[in-house]
Amino acid sequence: MDLVTIIVTVYNGENTIISTINSILKQTYTNIEIIIIDDYSTDETWKIINNIAKGDSRVKIYKNIVKGRARALNLAIERSSGRYIANIDADDLSHPERIARQVDFLKKNKQFGFVSTDALIIFNDENPRWDSKITLDNEYNYTQVFDEIKWSNNITHSSIMIDTKIIKKDIFKYNESLKKVLDYDLWITLYTHGYHLANLNEKLVAKRIHINQSYESKNRIEYLKTIRFMQLNRFNKCLTAKDRFLIEIKFLYGLLPQKFRMKIYNYLARI
């Protein structure tokens, strides 16, 4: 059983970090290590993760060298020992079968060095209602990431896993000059370098949405502009008229208030 490293970066996550880590410790795939990087938290986060690490030798904690999300992620990758590296954001949750499913998928589909999964959306302190039908005996229903990456980032950061025998750690690095959309920038880099990316059509992570979070009220337009700029520039020479149209549609959709976006999301999920 190959070792899997799960990386977690956290800033002021005292309210959610315990449940996030517990969702990893309760995985059915047991040969794991968890690398937690505290990115200069000012709350009780360090005390909490220190207590977790004392109670389980699989958990290793570090403080970031230089404050910044990208640096924290890269430090976690550098400290990892596993053949497989997975990520979970500090307020999200993993299905108990998540790691087992992703490892098994990558072993059976060796053309892929990267696999993500679908995500449940939960709000505030809500607990996920996992699909009880997910078992290791199921066949894999997945999609390969193709040209849609040019106009949409549908890869949930908390759901990713890579095989370091295909995508080396010195390639799987976040751009430390960026403060936003670090994940999307990396997916584009992997895609444009010819790596095959897959997404399991199974909801194996729960993405937590905080109503009225500062991202929604202060930073959303800037975030959307950054994505649009990245799409138009990183793919400039290969964008079709359809691609450019879809980029603008996604941008306009992102400008809608959160409650309307979630209504659309929930409607499409039921179709």
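These are my notebook entries on one chain, looked up in a predicted model.

**Entry 1: overall build**

I started with the whole chain. I counted 8 helices and 9 strands. The radius of gyration is 18 Å, close to the 18 Å from the globule rule for 271 residues, so the chain is as compact as a globular protein of that length. I then took the extent of the C-alpha trace along its principal axes, which is about 55 × 40 × 40 Å.

Next I looked at burial and surface. Of the 271 residues, 49% are buried. The chain exposes about 13,900 Å². Carbon and sulfur atoms supply 52% of that area. I also checked how far apart in sequence the contacting residues sit. Among contacts with a separation of 6 or more, 82% are between residues 24 or more positions apart.

**Entry 2: the nonpolar cores**

I asked which residues touch the most other members of the largest nonpolar core. They are Phe-114, Phe-172, Tyr-174, Tyr-184, Trp-187, Leu-190 and Leu-197, in a core of 35 residues. Strand 2 (32-38) supplies at least two residues of this core, and so does each of helix 3 (69-79), helix 5 (182-192) and helix 6 (214-234). Another core lies apart from this one and has 34 residues. Its members include Ile-17, Ile-48, Phe-112 and Leu-204.

I picked Leu-190 for a closer look. I left aside its neighbours within four places in sequence. Leu-190 is then in contact with Phe-114, Ile-167, Ile-171, Phe-172, Tyr-195 and Leu-197.

**Entry 3: strand 4 and its partners**

I moved to strand 4, residues 84-87. Which way do its residues point? Tyr-84 and Ala-86 point one way, and Ile-85 and Asn-87 point the other way. All four are buried.

I looked for the pairing on each partner. Strand 1 (residues 4-10) runs parallel to strand 4, and 4 bridges join them. In that pairing, Ile-7 stands opposite Asn-87. Strand 8 (residues 161-163) runs antiparallel to strand 4, and 3 bridges join these two. Here the bridge partner of Tyr-84 is Asp-163.

**Entry 4: Asp-163**

That bridge led me to Asp-163, which sits in strand 8. Is Asp-163 buried or exposed? Its relative accessible area is 2%, so Asp-163 is buried. I then searched for what its side chain meets. A polar contact of 2.9 Å joins it to the side chain of Arg-83. A polar atom of the Asp-163 side chain also lies 2.9 Å from the backbone nitrogen of Lys-165. Leaving aside neighbours within four places in sequence, I found Asp-163 in contact with Arg-83, Tyr-84, Leu-106 and Gly-113.

**Entry 5: Gln-231**

My last stop was Gln-231, in helix 6. Its relative accessibility is 3%, and the cut-off for buried is under 20%, so Gln-231 counts as buried. Which side chain does Gln-231 join through a polar contact? The partner is Tyr-184, at 3.1 Å. I had already listed Tyr-184 among the residues that touch the most other members of the largest nonpolar core.

I listed the other contacts too, again without neighbours within four places in sequence. Gln-231 is in contact with Lys-150, Trp-151 and Ser-152, among others. The list also includes Tyr-184, Asn-236, Leu-239 and Ile-247.

Key
Residues are numbered from 1 along each chain as its sequence is written. This is a predicted model: local features need pLDDT of at least 70, side-chain atom pairs count only at pLDDT 80 or more; totals for chains, interfaces and linings use all residues. Side-chain values use heavy atoms; hydrogens and water are left out. A nonpolar core is a set of buried Ala, Val, Leu, Ile, Met, Phe, Trp, Tyr and Cys residues joined through side-chain atoms within 4.5 Å. Buried means under 20% relative accessible area, exposed over 50%, partly exposed in between (1.4 Å probe, protein chains only). Contact means heavy atoms within 4.5 Å. Two strands pair if DSSP finds at least two bridges between them. The radius of gyration is taken over C-alpha atoms; the globule rule is 2.2 Å times the number of residues to the power 0.38. Accessible areas come from the Shrake-Rupley method with a 1.4 Å probe; for residues, only the protein chains shown count as cover. A polar contact is a pair of N or O atoms within 3.5 Å; within protein, one must be able to donate a hydrogen and the other to accept it, and residues adjacent in sequence count only if both atoms are side-chain atoms.
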